[in-house]
Amino acid sequence: MASVSDAELKQMTQDERAKALGMTTEQLSGQSLYVEFDPDAEERFTYPWAPDVDFNKRTEVDCDGMTTTEVNTKIRALMQEGYGTVVLQNPRGMHSLGVGILSRLNLIIEGSTGYFAVGLIDGPNVRISGRVGWSCGENMMSGTIMIEKNAGSTFGAAIRGGDLVCRGSVGSRTGIDQKGGTIIVGGDTGALSGFMMQRGRMVVCGNAGKNLGDSMYDGTIFVGGEIKSLGVDAVEAELTDLDKAWLTRKLTQYGLMPEKGVDHFTKIVAGKQLWNYDNLEPSEKKLIL
Amino acid sequence: MCGIAGLIHKGKSSAVGSEMTAMLQALKHRGPDSTGYAVYGTPTKGDYIMRLKLAEAEDMEKGRGVHKMIEDRITAVEEVLAEHGAVIKSKDAPREYSLRYVLTIAGDGNLGEMAEHIEETEGVEILSMGNGLELIKDLGDASVVSEAYGLNDFQGTHAIGHTRMATESDVDIKSAHPYWAFPYNDVSVVHNGQITNYWIMRREMERKGHRFMSNCDSELLAVYTAHNLANGVSLEDSLRRSIQEIDGVFTYLVATRDQLGMAKDTMAAKPLVLYESDDLIAMASEEVAIRAILPHEIDTTDPYDEEVRVWQA
């Protein structure tokens with residue numbers, strides 16, 4: 001833009017002006033789902049303000065008697081000091097632990113958490129040895145979360161990236177509004193799992209409750225056990241060799257590979273019968289745009 | 001939002017009063033308006049415990065006349081008790097507007113009719129009646145209520161409790177939980193959620209002769225349970241039936257003399273965390289409440305949609 005002066009712009013036609021301002025040449029930057037994984041753009045893997053942490057520097061925080069805000073502020077302060085491994089002890093069902101961490105961190109929670117555990121994160125590797133309440137890993141962008149016991153409802157709501165793994169069973173509405181990433185459940189999941197799912201993959205090794213994948217736009221759900229019922233516009237699809245290879249790789253990675261392999265998994269995708277939003281008459285489109 | 005909690009000890013008595021206080025205090029953030037308890041002690045044969053509310057907490061600020069009014073109401077209640085052959089063994093007033101009687105009732109007096117006659121006095125509501133049940137509800141958080149009503153020393157087998165955030169009706173004692181399943185001895189209900197066919201169901205229940213004291217939707221669950229029990233339906237079947245007949249989002253707990261039951265709606269929209277061991281079962285809206293009485297590492301689960309469970313004390 002700097003190469004074009006205001007006087008020159010005034011002389012141009014609308015078409016020329018748009019081109020001169022970079023309509024065809026501008027490179028979009030920032031973190032979108034696609035550029036994030038561009039290997040050439042390594043600087044985009046971390047935020048410019050992210051603290052430089054060392055995974056070998058380890059420290060413990062005893063949550064007893066602390067408020068959620070105090071714990072979360074403490075984690076940030078420790079990261080500024082360069083601690084890369086933070087252990088939270090005695091969480092005893094506290095809510096909103098470790099939310100909004102936007103850089104590399106090895107976070108270990110020894111015990112169970114309440115609602116919204118490690119939501120809104122972008123990058124950390126989290127291990128939780130207990131159970132998590134509702135909405136664990138909500139809207140996570142990247143990183144991994146490993147839960148050893150059970151999880152509550154709306155597990156991984158609106159998740160956009162990363163791997164969210166629960167070894168036990170989870171509640172209802174797992175992966176509601178999922179927009180990317182992978183949710184893996186070792187046990188069963190409740191009703192309305194994958195409701196309005198838009199992208200990404202969900203793997204349930206056990207059984208799924210009623211209305212699985214209700215109104216899903218896109219994305220894929222794999223279920224190892226029984227499905228109580230499918231939701232509106234969720235249909236069964238063929239499990240391809242590529243799916244099997246992916247399932248084997250992912251489940252082996254997290255130690256959840258069933259003894260009988262992955263051939264028994266059922267694959268659920270969107271039937272796309274509800275995709276009405278492009279079926280407008282040209283005149284109607286004009287009205288909307 | 002509301003928070004609910006329940007616990008039941010199998011085959012033994014424990015300090016359920018202080019345990020429930022710890023659980024409800026941990027749930028205070030889910031509803032600070034009022035707190036209620038239904039605790040079940042060991043029944044003494046032939047003794048009935050009756051808890052009454054003689055006025056709302058806010059009435060107490062309406063001038064000196066209110067003290068006289070409450071005295072008149074007590075006189076009226078005691079007259080009815082005498083008429084029905086009930087002998088007052090002891091009488092406490094933890095707050096001026098709340099009374100606790102221990103009664104012995106000669107013969108097999110009609111308790112339902114007596115309860116109806118007592119409530120004919122304006123402003124008087126029977127909070128609970130039964131052999132083991134003590135139902136306490138008042139404004140304020142768990143620490144305030146348990147202190148005022150001396151609940152910390154209470155020994156019993158099981159209890160349910162509620163911290164209320166008023167969304168559907170007023171902040172007062174009559175809209176606070178738990179609800180007693182009038183006129184059923186020892187049956188109480190706590191609820192978290194919203195019932196969407198409340199008025200339809202309420203009118204149906206009213207046509208069948210049941211009484212409603214408040215406009216709180218949760219009261220319906222107590223009346224509904226009472227109606228089913230009256231028709232010989234078991235607690236478990238009543239809970240199962242309610243999932244089909246009552247609309248909305250709800251998780252509710254029902255306690256009887258020796259049982260504790262839970263039911264969750266078809267959407268599983270309201271939370272409940274469950275801990276089960278051989279001698280103790282505890283459940284609450286949030287894990288933090290269970291951890292208030294069990295600080296060591298435990299395994300907990302979320303019940304699924306349409307799940308119904310009943311435990312025996």
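What share of the contacts in chain A with a separation of 6 or more comes from residues 24 or more positions apart? The share is 27%. Keep in mind that you are looking at a predicted model.

**Stop 1: chain A**

Select chain A and switch to a cartoon view. You should find five helices and eleven strands. Now color by burial. Of the 289 residues in this chain, 41% count as buried.

**Stop 2: where the chains meet**

Show both chains together. On the chain B side, 15 residues make contact, and they meet 20 residues of chain A. Color those chain B residues by class. Six are nonpolar, two are polar and seven are charged.

**Stop 3: the two domains of chain B**

Hide chain A. Give residues 3-42 and 141-312 of chain B one color: together they form domain 1. Give residues 44-130 another color for domain 2. The C-alpha centres of these two domains of chain B are 24 Å apart. Where they touch, domain 1 supplies 13 residues and domain 2 supplies 14. Look at the domain 1 side of that contact in chain B. Seven of its residues are nonpolar, three are polar and three are charged.

**Stop 4: a sheet in chain B**

Next, select strands β4, β5, β3 and β6 of chain B. In that order they make an open sheet of four strands, with antiparallel pairing. The edges are β4 (86-95) and β6, since each pairs on one side only. On average, neighbouring strands here are turned by 20° against each other, direction ignored. What holds such strands side by side? Strands of a sheet pair through backbone hydrogen bonds.

Zoom in on β3 of chain B, residues 47-53. Is this strand mostly covered or mostly open? It is mostly covered, with six of its seven residues buried.

Now follow its two partners in turn:

- Select β5 of chain B, residues 98-105. Seven bridges join β5 to β3, and the two run antiparallel. Click Y48(B): its bridge partner in β5(B) is L103(B). Then click I49(B), which stands opposite V102(B).
- Select β6 of chain B, residues 125-130. Five bridges join β6 to β3, again in an antiparallel arrangement. Here L52(B) faces I126(B).

Add helix α3 of chain B, residues 111-119. The helix lies across β4 and β6 of chain B. Its direction makes an angle of about 160° with β6(B).

**Stop 5: an enclosed helix**

Move to helix α1 of chain B, residues 16-26. Why is α1 called largely enclosed by the rest of the structure? Eight of its eleven residues are buried, so the surroundings close over most of the helix. Show side chains for the buried set: V16(B), G17(B), E19(B), M20(B), T21(B), M23(B), L24(B) and A26(B).

What do they pack against? Select these elements of chain B one by one: β1 (3-9), β2 (34-40), α4 (142-148), β8 (158-164), β14 (280-284) and α8 (287-293).

**Stop 6: a loop residue**

From α8 of chain B, step on to the loop between α8 and β15 (308-312). P295(B) is found there. Is P295(B) buried or exposed? P295(B) has 10 C-beta neighbours inside 10 Å, so it counts as exposed; the cut-off for exposed is 12 or fewer.

Finish with a distance. Pick the C-alpha atoms of P295(B) and E56(B). These residues are 239 positions apart along the chain. In space, their C-alpha atoms are separated by 37 Å.

Technical notes: Residues numbered from 1 in each chain as written. Chains lettered and ligands numbered in written order. Predicted model: local features only at pLDDT ≥ 70, side-chain atom pairs only at ≥ 80, totals over all residues. Contact = placed C-beta atoms within 7 Å. Nonpolar A, V, L, I, M, F, W, Y, C, P; charged D, E, K, R; others polar. Domains from an automatic or database assignment. Buried ≥ 20, exposed ≤ 12 C-beta atoms within 10 Å, placed from the backbone. Pairing = 2+ DSSP bridges. Axes fitted to C-alpha atoms, helices over the stretch in contact; angles between N-to-C directions.
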